[in-house]
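Q: I should like to learn how to read the packing, burial and confidence features of a structural model. Could we take them one at a time?

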Amino acid sequence: IGDITTIMLWMKNYVSSADLIANLLIPSLVSVLVPTMIASRMIPASAVEPLNSQDRRTGYDLEVHHHGLSVLILICGVAGLLFVPVFKAATHLPPYMGILISLGALWLLTELIVRHYELDGKIEGRISQVMRNIDMSTILFFLGILMAVAALGQAGILASLAAWLNETFHEVYVINGIIGVLSSIVDNVPLVAACMEMYPVANEAAIATAADPSYMSLFVEDGLFWHLLTFCAGVGGSMLIIGSAAGVVAMGIEKIPFMWYVKHITWLALLGYLCGMAVIWLETLLINL
């Protein structure tokens with residue numbers, strides 16, 4: 001789950017990199033593969049319009065330079081994301097430092113490519129240009145939500161909500177399932193921040209004094225609750241296009257209508273979400289046998 005919510009949980013020592021990867025790798029792959037396989041069968045078998053070798057935005061001949069450069073940048077970007085949990089586990093430094101190292105390496109690579117192939121001014125995706133075109137309205141949007149979450153925590157509303165969920169459902173799958181659905185409406189970053197305020201990490205003393213010790217043991221560091229929260233908040237946010245920062249940015253750049261996404265993508269994302277949760281349940285069941 002390459003998401004800032006995971007970073008938040010790492011930094012607060014709610015989860016560890018190794019356990020998170022071991023427990024969520026297969027469910028995450030399932031949540032991607034199931035809707036992708038279904039969507040691929042819905043694509044009509046008509047002929048695809050050939051790619052115009054002349055980029056319509058810059059006049060840059062795409063066939064002059066190696067197609068492998070795009071693949072190289074993609075691989076380096078994915079490797080940079082995977083480097084972050086490895087960096088955290090190996091050095092025990094904050095994850096944002098690993099992110100900065102990955103960004104710096106990718107920035108250096110793209111600049112070397114630009115200079116080698118003399119592409120200056122012909123690539124819109126250079127990191128220096130991306131940095132200049134940061135969407136401040138989106139940043140302020142998330143800042144406002146985080147401030148609202150902090151206010152709710154100080155007012156005691158989040159603690160009351162956590163107590164109500166525990167008393168009403170008393171089941172981590174149901175609670176996190178609801179949180180995942182809510183993350184498609186409220187961005188997963190402030191939602192996870194709210195959950196961290198609602199549910200502190202349980203220690204041995206809290207488990208010993210709890211009315212239901214087996215239930216409270218699910219809230220320890222690297223417990224089932226935090227793994228479910230990481231998965232549900234990250235994957236559940238994809239059920240609506242407004243549920244993640246990436247979706248909001250994509251909606252603005254690609255002009256994706258909200259209702260088109262609801263009709264064509266939401267049910268696929270929900271299916272992948274439920275399949276991933278089912279895999280987590282099966283993994284837990286097998287471990288406890």
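Q: Leaving aside neighbours within four places in sequence, which residues is leucine 268 in contact with?
A: A contact means heavy atoms within 4.5 Å. Leucine 268 is in contact with Pro35, Ile38 and Ala39, once its neighbours within four places in sequence are left aside. The C-alpha atoms of leucine 268 and alanine 39 are separated by 7.7 Å, although the two are 229 residues apart along the chain.

Q: Where is leucine 268 found, and on what grounds should the coordinates be read?
A: Leucine 268 is found in helix H15; helices (H or I, at least four residues) and strands (E, at least two) are DSSP runs, numbered from the N terminus. This is a predicted model, in which local features need pLDDT of at least 70 and side-chain atom pairs count only at pLDDT 80 or more, while totals for chains, interfaces and linings use all residues. Residues are numbered from 1 along each chain as its sequence is written, and side-chain values use heavy atoms, with hydrogens and water left out.

Q: How is pLDDT read here?
A: pLDDT is the predictor's confidence in each residue, from 0 to 100. The protein chain averages 79, and 81% of the residues score at least 70. Among the elements, H15 has the highest mean pLDDT (92) and helix H1 (residues 4-11) the lowest (59). Over residues 51-64 the pLDDT is below 50, and this stretch has 16 contacts in the model beyond near neighbours in sequence.

Q: Why does leucine 268 count as buried?
A: Buried means under 20% relative accessible area, exposed over 50%, and partly exposed in between (1.4 Å probe, protein chains only). Leucine 268 counts as buried because its relative accessibility is 5%. Buried residues make up 35% of the 289 residues in the protein chain. In helix H9 (residues 188-198), 10 of the 11 residues are buried, among them Cys195 and Met196.

Q: Why does cysteine 195 have no bond to the closest cysteine sulfur?
A: A disulfide is a pair of cysteine sulfur atoms within 2.5 Å. The closest cysteine sulfur to that of cysteine 195 is in cysteine 232, 10.0 Å away, and is therefore too far for a bond. The structure holds 0 disulfides. Cysteine 195 is buried at 2% relative accessibility, whereas cysteine 76, at 28%, is partly exposed.

Q: Which residues touch the most other members of the largest nonpolar core?
A: In soluble globular proteins, nonpolar side chains tend to be buried together. A nonpolar core is a set of buried Ala, Val, Leu, Ile, Met, Phe, Trp, Tyr and Cys residues joined through side-chain atoms within 4.5 Å. Of the 39 residues in the largest one, those touching the most other members are Val172, Tyr199, Phe219, Phe225, Trp226, Leu228 and Phe231. The largest share, 9 residues, comes from H12. Beyond its neighbours within four places in sequence, tyrosine 199 has contacts that include Phe219, Phe225 and Trp226.

Q: What covers the buried residues of H8?
A: Their cover includes H7, H9, helix H11 (213-216), H12 and H15. Among the buried residues of H8 are Val172, Tyr173 and Ile175.
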